[in-house]
Amino acid sequence: MYIYGKNVALEALEKNKKIKKAFIYEKFNDKNLLNKLINKKIKISYHTKYELDNIEKANHQGIILEVDDYEYASLDEVLKEDIIIMLDHLEDPHNFGAIIRTCEAAGIKSLIIPKDRSVKVNGTVSKVSTGTLENVQIAMVNNLVNTIKELKEKGYWIIGTDMKGTDFKQIDYTGKIVIIIGSEGKGISRLVEENCDFIASIPMNGNVNSLNASVAAALIIFEAVRNR
């Protein structure tokens with residue numbers, strides 16, 4: 001897969017991520033990044049902006065790295081953490097990347113996503129996460145409801161999010177918890193909601209009746225961390 005952007009490239013280099021090849025803008029002037037690539041003996045090829053745009057149309061900032069596909073964690077690995085974020089069929093890579101960034105900023109290291117009908121880790125997710133992807137672990141599971149039941153057996157309380165629920169500031173976030181963020185537009189699915197212990201809701205005082213998934217996630221995540 002391709003990852004791109006200066007911050008993402010720097011994080012990949014500092015974490016010693018395996019880089020197969022670097023595609024660099026012919027007028028790229030970030031000497032620090034270039035020296036790091038050269039010192040690690042990574043194969044570099046120089047290109048025009050048009051050529052780079054053909055590899056990755058997003059804002060690559062003149063640097064694109066070819067790396068191995070993202071290696072997902074096992075469920076057992078994410079269960080080592082007391083707070084887990086579960087994404088219920090999120091589809092927008094920008095929201096996914098922003099949620100990863102929020103998790104890292106809040107000190108949360110574990111996320112769970114479903115295998116089907118969900119955004120996967122790709123270059124856009126990596127770019128939006130601004131280099132924080134390397135500091136979290138993401139597990140991909142076949143079935144969210146079955147996973148929720150397994151998490152409950154291991155002592156986790158399940159907190160869903162929806163417009164109709166308890167004020168998110170009134171929820172008890174102590175203990176081992178899973179916070180579930182729903183998909184854009186649809187929210188959390190019926191079966192997932194039925195298996196939640198609590199439903200957290202963010203009060204809306206204006207004309208807007210819902211928030212962007214990553215914004216809602218940020219509010220609830222920091223509230224949970226603050227009240228532990």
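User: Before we start on S201, what does contact mean here?

Analyst: Contact means heavy atoms within 4.5 Å. Keep in mind that this is a predicted model. With that cut-off, and leaving out residues up to four places away in sequence, S201 touches D162, M163, K164, G165, T166, D167 and F168.

User: Where does S201 sit, and is S201 buried or exposed?

Analyst: S201 belongs to strand β10, which covers residues 198-201. Buried means under 20% relative accessible area, so S201, at 6%, counts as buried.

User: Which backbone atoms lie by the polar side-chain atom of S201?

Analyst: Two backbone oxygens turn up. The one from M163 is 2.7 Å from a polar atom of the S201 side chain, and the one from D162 is 3.2 Å from such an atom. Both D162 and M163 are also in the list of residues that S201 touches.

User: Let's try a helix residue. What does I220 touch?

Analyst: I220 is in helix α9. Again setting aside residues up to four places away in sequence, its contacts are T161, F168, Y173, I179, A200 and I202. Take I179 as a case of sequence versus space: I220 and I179 are 41 residues apart along the chain, with their C-alpha atoms 8.4 Å apart. I220 has a relative accessible area of 2%, so I220 is buried.

User: Now salt bridges. What's the general idea, and how many are there?

Analyst: Side chains of opposite charge can pair when their charged atoms come close. Searching the whole structure gives six salt bridges. Let's walk through some of them.

User: Which salt bridge is in helix α9?

Analyst: E223 and R226 meet there through their side chains, with N to O at 3.0 Å. The two are three residues apart in helix α9 (residues 213-226), about one turn of the helix. Their accessibility is worth a look: E223 has a relative accessible area of 7% and is therefore buried, while R226, at 59%, is exposed.

User: And what about R190?

Analyst: R190 forms a salt bridge with E194, and the closest N and O atoms are 3.0 Å apart. Both residues are in helix α8 (residues 190-194), four residues apart, about one turn of the helix. R190 and E194 are both exposed.

User: Which partners does the side chain of D53 have?

Analyst: Start with K49: the side chains of K49 and D53 meet in a salt bridge, 2.9 Å from N to O. They lie four residues apart in helix α3 (residues 49-55), about one turn of the helix. The D53 side chain also makes a polar contact with the side chain of H60, at 2.8 Å. At 21% relative accessibility, D53 counts as partly exposed. As for E104, D53 is 51 residues from E104 in sequence and 29 Å from E104 in space, C-alpha to C-alpha.

User: Last topic: pockets. How do you find empty space, and what is the volume of the second largest pocket?

Analyst: Rolling a probe the size of a water molecule over the atoms shows where empty space is left. The second largest pocket has a volume of about 240 Å³. Its lining has 13 residues, and those closest to the centre are K17, Y70, E71, Y72 and E134.

User: How do the residues of that lining divide?

Analyst: For the second largest pocket, the lining splits into six nonpolar, one polar and six charged residues.

Methods
Residues are numbered from 1 along each chain as its sequence is written. This is a predicted model: local features need pLDDT of at least 70, side-chain atom pairs count only at pLDDT 80 or more; totals for chains, interfaces and linings use all residues. Side-chain values use heavy atoms; hydrogens and water are left out. Buried means under 20% relative accessible area, exposed over 50%, partly exposed in between (1.4 Å probe, protein chains only). A polar contact is a pair of N or O atoms within 3.5 Å; within protein, one must be able to donate a hydrogen and the other to accept it, and residues adjacent in sequence count only if both atoms are side-chain atoms. On a 1 Å grid over the protein atoms alone, a cavity is a set of points where a 1.4 Å probe fits but cannot get out, and a pocket is an open set with protein on both sides within 12 Å along at least five of seven lines; lining residues have an atom within 4 Å of a point. Grid points are joined across faces, edges and corners, and a volume is the space filled by probe spheres set on the points. Ala, Val, Leu, Ile, Met, Phe, Trp, Tyr, Cys and Pro count as nonpolar, Asp, Glu, Lys and Arg as charged, and the others, Gly among them, as polar. A salt bridge is a side-chain nitrogen of Lys or Arg within 4 Å of a carboxyl oxygen of Asp or Glu.
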